[in-house]
Amino acid sequence: MEATVYEEFGGPEVLRHTSGVAVPQPGPGEVRVKVAAVGVNPVDWKRRYGWVEEFYPTTFPAVPGLEFAGTVDQLGEGVTGLAVGDEVLGWTKTGAYAEYAIADIVVPKPAGLPWGIAASLPVAGETAQRVLDLLGVRAGETLFLHGAAGVVGSVGVQLAVAAGVTVIGSASESNHAYLRELGAIPVAYGEGLADRVRAAAPDGVDAVFDAAGHGVLPVAIELLGGGDAAKERIVTIADVDAEKYGITFSGIIGEADAVRAGLTEHARGAAAGTLKVRLAETLPLKEAARAQELSESGHARGKLILIP
């Protein structure tokens with residue numbers, strides 16, 4: 001089958017498109033999916049560099065990609081509730097940048113939900129919900145979400161707003177109108193960020209969700225008043241210096257049944273138009289290196305999608 005692979009850590013040049021990869025076979029409890037769309041995530045190029053081995057250990061040759069949407073092609077032993085031909089979305093165990101992928105966490109794709117949107121939901125939805133749950137934000141509280149216009153951040157904004165949380169979201173000024181549409185109060189990045197957040201939330205901030213990194217953790221601690229109690233209500237998914245500050249870094253997906261339940265809910269919301277994901281660009285799988293370069297640049301306004 002066709003796939004994108006890499007056999008050593010490095011820059012985008014280590015990615016190689018090939019037609020010589022063996023079609024994977026599903027084991028017990030697994031399904032094989034013919035991939036229709038792949039979501040590109042920052043973790044894809046961080047894995048390629050070897051930066052997240054603690055969370056996602058690599059075996060070479062490696063196929064990148066965690067999330068996909070596609071059609072069930074083969075069932076492994078013991079699989080129930082699914083049939084060949086079912087349209088699904090989920091998390092792959094063998095890499096999503098390929099014609100076929102093996103998965104054990106899939107949910108039905110609602111009729112009418114576009115493939116690209118479906119492939120955008122697993123990572124962003126699970127990550128955003130996991131962090132909000134870790135923070136314990138509840139109705140009436142105020143959340144500062146750093147990097148609110150990114151895909152994970154924007155899903156986090158929508159989930160928090162739907163739960164009755166006031167969200168202050170940082171983003172470049174070109175994305176402020178988008179954040180207002182999602183229900184957040186936008187503030188600009190850069191020097192003076194803490195003052196802008198305080199102005200937007202005069203009664204204070206209760207929790208901080210760092211989806212962008214770039215050294216915002218000291219600002220987050222300051223906003224919550226400093227001390228260990230403040231640090232308990234800060235979670236980052238982007239700053240590898242989290243441990244140095246005593247902050248929780250969240251990088252591992254939750255328990256499978258909970259992930260399936262959340263993904264089912266998010267897919268239904270996306271199909272109904274109540275959960276929105278902005279697509280930036282759709283590229284053929286053979287341009288995976290370019291897609292990862294765009295992701296790493298930070299200039300893609302929305303989700304990048306690959307089509308095998």
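1. A good place to start is the sheet: six strands make up an open sheet, and their order across it is E9-E8-E7-E10-E11-E12. The pairing is parallel. Please keep in mind as you read on that this is a predicted model.

2. Which strands sit at the edges? They are strand E9, covering 185-188, and strand E12, covering 248-249, and each of these pairs on one side only.

3. If you would like to look at one pairing in detail, try E9 with strand E8, which spans residues 166-171: the two run in the parallel sense and share four bridges. For a concrete pair to display, isoleucine 168 has isoleucine 185 in E9 as its bridge partner.

4. Now for the helices on this sheet. Helix H2 (residues 115-135) packs on the sheet, where it touches strand E7 (142-146), strand E10 (207-210) and strand E11 (234-236). The direction of H2 makes about 155° with that of E10. Helix H3, residues 151-162, also packs on the sheet and touches E7, E8 and E10; the angle between the directions of H3 and E7 is about 170°.

5. There is a helix pair worth a look too. Helix H1 (residues 42-49) packs with helix H10 (residues 288-297), their axes lying 9 Å apart at an angle of about 105°. Angles of 65 to 115 degrees count as roughly perpendicular, so H1 is roughly perpendicular to H10.

6. Which residues meet in that contact? From H1 come Pro42, Asp44, Trp45, Arg48 and Tyr49, and from H10 come Gln292, Ser295 and Glu296. By type, the residues of the contact of H1 with H10 are three nonpolar, two polar and three charged.

Conventions:
Residues are numbered from 1 along each chain as its sequence is written. This is a predicted model: local features need pLDDT of at least 70, side-chain atom pairs count only at pLDDT 80 or more; totals for chains, interfaces and linings use all residues. Side-chain values use heavy atoms; hydrogens and water are left out. Two strands pair if DSSP finds at least two bridges between them. Contact means heavy atoms within 4.5 Å. Axes are lines fitted to C-alpha atoms, for helices over the stretch in contact, and angles run from 0 to 180 degrees between N-to-C directions. Angles under 35 degrees count as roughly parallel, over 145 as roughly antiparallel, 65 to 115 as roughly perpendicular and the rest as oblique. Ala, Val, Leu, Ile, Met, Phe, Trp, Tyr, Cys and Pro count as nonpolar, Asp, Glu, Lys and Arg as charged, and the others, Gly among them, as polar.
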